[in-house]
Amino acid sequence: MRFSGTDAYVAGKDLMVAVNAAIALERPLLVKGEPGTGKTELAVQIAASLGLRLIEWNVKSTTKASQGLYEYDAVSRLRDSQLGDARVADISNYIRRGKLWDAFDASERVVLLIDEIDKADIEFPNDLLQELDRMEFYVYETDQTVRAKVRPIVIITSNNEKELPDAFLRRCFFHYIRFPDSETLERIVEVHHPGIRRDLLRAALTQFYEIREQPGLKKKPSTSEALDWIRLLVSEDVDPLDLRESSSKILPKLHGALLKNEQDVHLFERLAFLARRNA
C-alpha cells in the first residue's frame with residue numbers, strides 16, 4: 001500500500017516518501033505548512049489513491065480530545081428518565097461515538113484526518129497520546145475497551161499557530177510542505193486549469209511570486225489563493241500583456257483574491273502612488 005500522488009494532486013517526491021514512511025511505520029503523519037498549501041487535501045487524495053474511506057475530524061478552538069473518542073449525554077438520559085422512557089435502562093443509548101471510535105471500529109483500513117490540531121487547547125495533543133499510540137481507549141460508562149480492528153492511516157495537520165508537545169511529536173512522522181517553486185506551482189495550476197494559455201500562466205506566476213516577495217507583506221498569498229486568482233484571470237480573459245507591464249509595485253488586477261487584509265492592500269496602494277509620482 002503506497003501513495004504515489006493522484007491526477008488531481010501534485011505531490012513532490014519528499015511528500016510521497018513521508019506518506020509512505022508513516023504508513024510503513026504505522027505512525028501518524030504530522031503535516032505542517034502555510035495555510036492553503038494542500039495539507040487537508042493531502043488526506044483526501046491519500047484516501048482516493050489507496051481506495052480507502054476518509055474520516056474527517058475538524059478541530060476547533062473549543063474541541064476537546066474526549067470528543068474524538070465519545071461523549072456521554074447525561075442530560076438526555078435524565079430527561080428521558082423523567083419521562084419514563086425505557087431507553088434509559090441501556091446507557092449505551094446515550095453514548096455518542098467520536099471520529100476516533102468510528103476509525104477504530106471500521107472493519108477495513110481507513111484514513112483518519114485530524115485537521116488543524118493546533119487550533120485546540122495546548123493539552124489537546126497530550127490527551128490523545130495513549131489513544132493514538134495504542135490504538136485503543138476505555139469507555140467508563142459501559143465498561144468496554146474500544147480497540148482498532150485495523151490500524152487506520154492517521155494524517156494530522158497543523159498551521160503552526162502554537163507549538164505541539166514534544167511527547168506528541170515523538171509519536172509522529174513529520175513533514176513540512178514547503179511553498180511550491182514556480183515549476184511545481186505551474187504543474188498544480190495546469191491540473192486545476194487544463195489548457196490554460198501558456199503566456200497567461202507565465203505572466204500570472206511571475207506577478208504572483210513578485211507579490212509574495214514584497215517586503216512588508218503581512219499575509220503572503222497561498223497556493224489556493226493563486227488558483228482562485230488565476231481562475232478569475234481566465235474567466236475575465238485578462239490580457240497577459242497587462243500583467244507583464246505591471247509589477248509588484250502596482251495594485252494587482254483582481255487583487256481581492258490575493259490580498260486578504262487592508263494592511264496589505266494599503267501597502268500596494270502606497271507603492272502604486274509612489275510609482276506614479278516618480279514616473
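A salt bridge here is a side-chain nitrogen of Lys or Arg within 4 Å of a carboxyl oxygen of Asp or Glu. Keep that cut-off at hand for the first stop; the model is predicted.

**Stop 1: Glu 131.** Select helix 7, residues 129–134, which holds Glu 131. Glu 131 is buried but has no salt bridge. The nearest side chain of opposite charge belongs to Arg 134, 8.7 Å away. Next show what surrounds Glu 131: beyond its neighbours within four places in sequence, Glu 131 is in contact with Leu 69, Leu 100, Phe 104, Glu 136 and Phe 137.

**Stop 2: the nonpolar cores.** Leu 100 and Phe 137 lead on to the largest nonpolar core, which has 31 residues. They are among the members that touch the most others, along with Ile 114, Phe 124, Leu 132, Ile 156 and Phe 168. Colour the elements that give two or more residues to this core: strand 2 (53–58), helix 3 (65–69), helix 5 (99–105), strand 5 (110–115), helix 7, strand 6 (136–139) and strand 8 (153–158). Helix 5 gives the largest share, four residues. Then centre on Phe 124, whose contacts outside its neighbours within four places in sequence are Trp 57, Val 59, Thr 63, Lys 64, Ala 65 and Ile 117. A separate core of 28 residues includes Val 189, Ile 196, Leu 201 and Ile 230.

**Stop 3: the sheet.** Select the open sheet of five strands, which pair in parallel in the order 2-5-8-1-9. Strand 2 and strand 9 (173–177) are at the edges with a single partner strand each, so one side of each has no neighbour in the sheet. From one strand to the next, the twist averages 20°. Zoom in on strand 1 (residues 29–33), which pairs with strand 8 in the parallel sense over four bridges. Lys 32 has Ser 158, in strand 8, as its bridge partner. Now add helix 1 (residues 13–25), which lies across strand 1, strand 8 and strand 9 and runs at about 160° to strand 9.

**Stop 4: salt bridges.** The structure holds 17 of them. Select Arg 97, partly exposed at 42% relative accessibility. Arg 97 forms a salt bridge with Asp 102, with the closest N and O atoms 3.2 Å apart, and another with Asp 105, also at 3.2 Å. Asp 102 is partly exposed at 26%, and Asp 105 is partly exposed at 29%. Move on to Asp 199 and Arg 197, whose side chains meet in a salt bridge at 3.0 Å, N to O. Finally, return to Arg 97 and add Lys 149: salt bridges with shared partners join Arg 97, Asp 102, Asp 105 and Lys 149 into one network.

Technical notes. Residues are numbered from 1 along each chain as its sequence is written. This is a predicted model: local features need pLDDT of at least 70, side-chain atom pairs count only at pLDDT 80 or more; totals for chains, interfaces and linings use all residues. Side-chain values use heavy atoms; hydrogens and water are left out. Buried means under 20% relative accessible area, exposed over 50%, partly exposed in between (1.4 Å probe, protein chains only). Lys and Arg count as positive and Asp and Glu as negative; His and the chain ends are not counted. Contact means heavy atoms within 4.5 Å. A nonpolar core is a set of buried Ala, Val, Leu, Ile, Met, Phe, Trp, Tyr and Cys residues joined through side-chain atoms within 4.5 Å. Two strands pair if DSSP finds at least two bridges between them. Axes are lines fitted to C-alpha atoms, for helices over the stretch in contact, and angles run from 0 to 180 degrees between N-to-C directions.
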